[in-house]
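Okay, thanks for coming, everyone. I'd like to walk you through one model today, starting with the whole chain and ending at a pocket. Let me put it up on the screen.

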Amino acid sequence: MKRTRQEALATREQILDAAECVFSEQGVSAATLDAVALRAGFTRGAVYGHFHNKRALLAEVMQRVTLPMDAFANAVADGAHPDPLGELRQRLLTFLGTVAVEPRNRRLCEVLYTKCEHTDITACIFATQRDAAVDGREQFGRHLAHAVARGQLPPGLDVKRAAGVVHAFLGGVLRDWLLERDAIALPRDAAYLTDVCIGMLRLVPLLRPECAVEQERCLRR
């Protein structure tokens, strides 16, 4: 009996749900299509009917979640916003307090950060993340530049360097949370961590160009 399109889509979603769990439990390299088929309750042939290989399956699984920098790469900084620093703070809070802790996003962030080796299969995933990281840092920089223009941050702030700090902060928080749950608790700690990061942008002299140049001179000595 020929399946309807709706039934085929439902089967596809079941396979993706199963793959998400298998990747999370076993890691990308150890996971097999046989294990995914068993988890989904289908034959291996049914899995191959929807996905040519593990690479294609992994790519589709990752497409269903909001990964770290994806949340910021498309977030356009509004130069007319009256509180650009507050806008950036709210985006960070929303990600750490809501997006990251959503069960599916959390599982797949765990796969990406702790159970995903650099292989031919995962190359496309890491390439996408690198591109998103570049775009995300650019967006951070725009938010920070607007905040400087509004007098919310020091006029001499090196926005490119500061954007890198915000990016490193976000990635570090996620890694620590995923690797050691007692060290950081999300969403509970999202507000204070975000405020510490923003406070650092206001106060750390090394984020100003003249201080960065002097630091480089000292390192050369």
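**From the fold to a pocket**

So, contacts to begin with: if you take those between residues at least 6 apart in sequence, 74% of them join residues at least 24 apart. Keep in mind, please, that what you're looking at is a predicted model.

What about secondary structure? The chain has 11 helices and 0 strands, so to speak a plain run when you read it along the sequence: α-α-α-α-α-α-α-α-α-α-α.

Now, burial and surface. There are 221 residues in the chain, and 40% of them count as buried. The chain exposes about 11800 Å², with carbon and sulfur atoms supplying 53% of that area.

Okay, on to the pocket I wanted to show you, the second largest pocket. There's about 160 Å³ of space in there. Which residues line it? Going along the sequence, you've got Ala59, Met62, Gln63, Val65, Leu67 and Asp70, and then Cys124, Ile125, Thr128 and Gln129.

And which helices do those come from? Helix 4, that's 54-63, and helix 8, that's 123-149, each put at least two residues into the lining. Helix 8 gives the most, with 4 residues.

For those of you thinking about chemistry, the lining splits by class into 6 nonpolar, 3 polar and 1 charged residues. Asp70 is in that lining list, along with Met62 and Ile125, among others.

That's my tour. Happy to rotate the view if anyone wants another look.

Definitions and conventions: Residues numbered from 1 in each chain as written. Predicted model: local features only at pLDDT ≥ 70, side-chain atom pairs only at ≥ 80, totals over all residues. Heavy atoms only, no water. 1 Å grid on protein atoms, 1.4 Å probe; cavity = no way out; pocket = protein on both sides within 12 Å on 5 of 7 lines; lining within 4 Å. Points joined across faces, edges and corners; volume = space filled by probe spheres on them. Nonpolar A, V, L, I, M, F, W, Y, C, P; charged D, E, K, R; others polar. Buried < 20%, exposed > 50% of the residue type's maximum accessible area, 1.4 Å probe, protein only. Contact = heavy atoms within 4.5 Å. Areas by Shrake-Rupley, 256 points an atom, 1.4 Å probe, with all protein chains shown as cover.
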